[in-house]
Amino acid sequence: MAQQQYLTLNRTGDKMPQLGFGCWKVDPQDAEQTIYNAIKAGYRLIDGAADYGNEAEVGAGIRKALAEGIVKREELFVVTKLWNTYHNKNVVRRAFDKQLEDLGLDYVDLFLIHFPVPLKDVAHEVAYPPGWYQPGEESALEFERSPIHETWAEYEKLVEAKLVRNIGVSNFNVQLILDLLTYCNIKPAVLQVELHPYLQQSRLVKWVQSQGIQVTAYSSFGPSSFITLTDDGKQAAPLLTHSKIEEIAKKHGKTPAQVLLRWAVERNTAVIPKSMSEERIKSNMDIFSWSLEEADTKEIDSLEIGQRFNDPYSYGFGLPLFC
């Protein structure tokens, strides 16, 4: 099995692993052992968020691996994200401090703005993580006047305080990034977005990379994580059992998951698959020792249908964020 490959981040020159382990939908009761298993298997990037509701347990798994000497802190690349209700310039630091405390670390390697959606603050003691709605009010989203430029300025302060090494954004489009680039003192290092054969976003990926910003793909397996969440997830043909993906996997002696991840890394994007199975955790790592043929890539590229699964509108929030 070929060793991990990396993407170099602007400003710091930090090497971000091209393969990481995603923490979304990892049950808190399983998170500590799952993250520990992932690090023990060789994963060095751990991708989490306040909204996932498992950061304390993720942090416990990281610290367990550190305590046992499996890995050194400087060998790990820990990612987390600011939730929508904490965009206010007077709240960002408070929110980050809680996340860092939950993780039990001295710093994080990458801090992302989870969505470009400023929602009204919810105090930690009232609900944590609070989700999209105000507690007890699930009829409409409550926005607040917290522009991204004010949130970003607070991010830059976290870098200056040496609590965060790199900062970036998630679920942003070109227009938002272009605007950010006109005022930022510290350029975003990474954009994290939904990317898979059904939603390839090639123009977005190429433009962002041309700006010296690295791209991380989430939901590399398409609808598999959304079957219980949205009608789109239920109705879409699963990529992991798609005939074209299965044929390519059989030809190379690989799993469909490995094919989908290999397709993504060949686009020079990072990937953050999640699995609760130790066997699949290890299997998903085998994506650097082989390559897709040009014909394989064309077959996978032909699956593009512009189908997005992680869409606030599909969840019934009435927010067509990606229009």
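**Group meeting: helix α6, a buried glutamate and the salt bridges**

On one side of helix α6, Arg203, Lys206 and Ser210 are exposed. I begin there because the other side of this helix, taken down its axis, has its buried residues within an arc of 95°, so that they line one face. Please bear in mind throughout that the structure on the screen is a predicted model.

Which residues of α6 are buried? In this helix, which runs over residues 202-210, they are Leu204, Val205 and Val208. The general geometry is familiar: an α-helix has 3.6 residues a turn, so residues three or four places apart point the same way. The cover over the buried residues of α6 includes the helix α5 (174-183) together with the strands β8 (190-194) and β9 (214-218). After the helix comes Gly212, with a positive phi near 80°.

One of those covering strands, β8, brings me to the second topic. Glu194 is located in strand β8. Where is the nearest side chain of opposite charge to Glu194? That side chain is Arg308, at 4.6 Å, and Glu194, although buried, has no salt bridge. The cut-off matters for this step: a salt bridge requires the nitrogen and the carboxyl oxygen to be within 4 Å. What the side chain of Glu194 does reach is the backbone nitrogen of Asn310, at 2.9 Å. Setting aside residues up to four places away in sequence, Glu194 touches Leu199, Gln201, Tyr218, Ser219, Gln307, Arg308, Phe309 and Asn310.

Let me stay briefly in this part of the chain and turn to Ser220. This residue is found in the loop between β9 and α7 (231-235). Ser220 is classed as buried because its relative accessibility is 8%, and the threshold for that class is under 20%. Beyond its neighbours within four places in sequence, Ser220 is in contact with Leu195, His196, Pro197, Leu239, Leu260, Leu261 and Val271.

I now move to the salt bridges. How many does a search of the whole structure find? The total is 14. I shall present three of them.

The first pair is Asp47 with Lys81, whose closest N and O atoms are 2.7 Å apart. Asp47 belongs to strand β4 (residues 45-47) and Lys81 to strand β5 (residues 77-82), so this salt bridge ties together parts that are 34 residues apart in sequence. Asp47 and Lys81 are both buried.

The second pair is Asp97 with Arg93, and here the closest N and O atoms are 2.8 Å apart. Both residues lie in helix α3, four residues apart, which is about one turn of the helix. Are these two residues buried or exposed? Asp97 is partly exposed, because its relative accessible area is 32%. Arg93 is also partly exposed, with a relative accessibility of 40%. Helix α3 itself covers residues 92-103. Apart from its neighbours within four places in sequence, Arg93 is in contact with Leu158 and Leu163. For Leu158, the separation from Arg93 is 65 residues in sequence, while the C-alpha to C-alpha distance is 7.8 Å.

The third pair is Glu266 with Arg262, with 2.7 Å between the closest N and O atoms. What is the accessibility class of each partner? Glu266 counts as partly exposed because its relative accessibility is 31%, whereas Arg262 counts as buried because its value is 10%. Elsewhere among the salt bridges, shared partners join Lys251, Glu293 and Asp296 into one network.

Two further items remain. The first is Arg280, placed in helix α10 (residues 278-283). The side chain of Arg280 makes a polar contact with the side chain of Ser275, at 3.3 Å. By way of a distance along the chain, Arg280 and Ala237 are 43 residues apart, and their C-alpha atoms are separated by 21 Å.

The second item is the cysteines. How many disulfides are there? With a cut-off of 2.5 Å between cysteine sulfur atoms, the count is zero. As for two individual cysteines, Cys23 is buried, at 0% relative accessibility, whereas Cys323 is exposed, with a relative accessible area of 87%.

To close, I return to two points. Helix α6 has its buried residues lining one face, with Arg203, Lys206 and Ser210 exposed on the other side. Glu194 is buried and has no salt bridge, but its side chain reaches the backbone nitrogen of Asn310.

Technical notes: Residues are numbered from 1 along each chain as its sequence is written. This is a predicted model: local features need pLDDT of at least 70, side-chain atom pairs count only at pLDDT 80 or more; totals for chains, interfaces and linings use all residues. Side-chain values use heavy atoms; hydrogens and water are left out. Buried means under 20% relative accessible area, exposed over 50%, partly exposed in between (1.4 Å probe, protein chains only). Helices (H or I, at least four residues) and strands (E, at least two) are DSSP runs, numbered from the N terminus. The arc is that of the directions from the helix axis to the C-beta atoms. Contact means heavy atoms within 4.5 Å. Lys and Arg count as positive and Asp and Glu as negative; His and the chain ends are not counted. A polar contact is a pair of N or O atoms within 3.5 Å; within protein, one must be able to donate a hydrogen and the other to accept it, and residues adjacent in sequence count only if both atoms are side-chain atoms.
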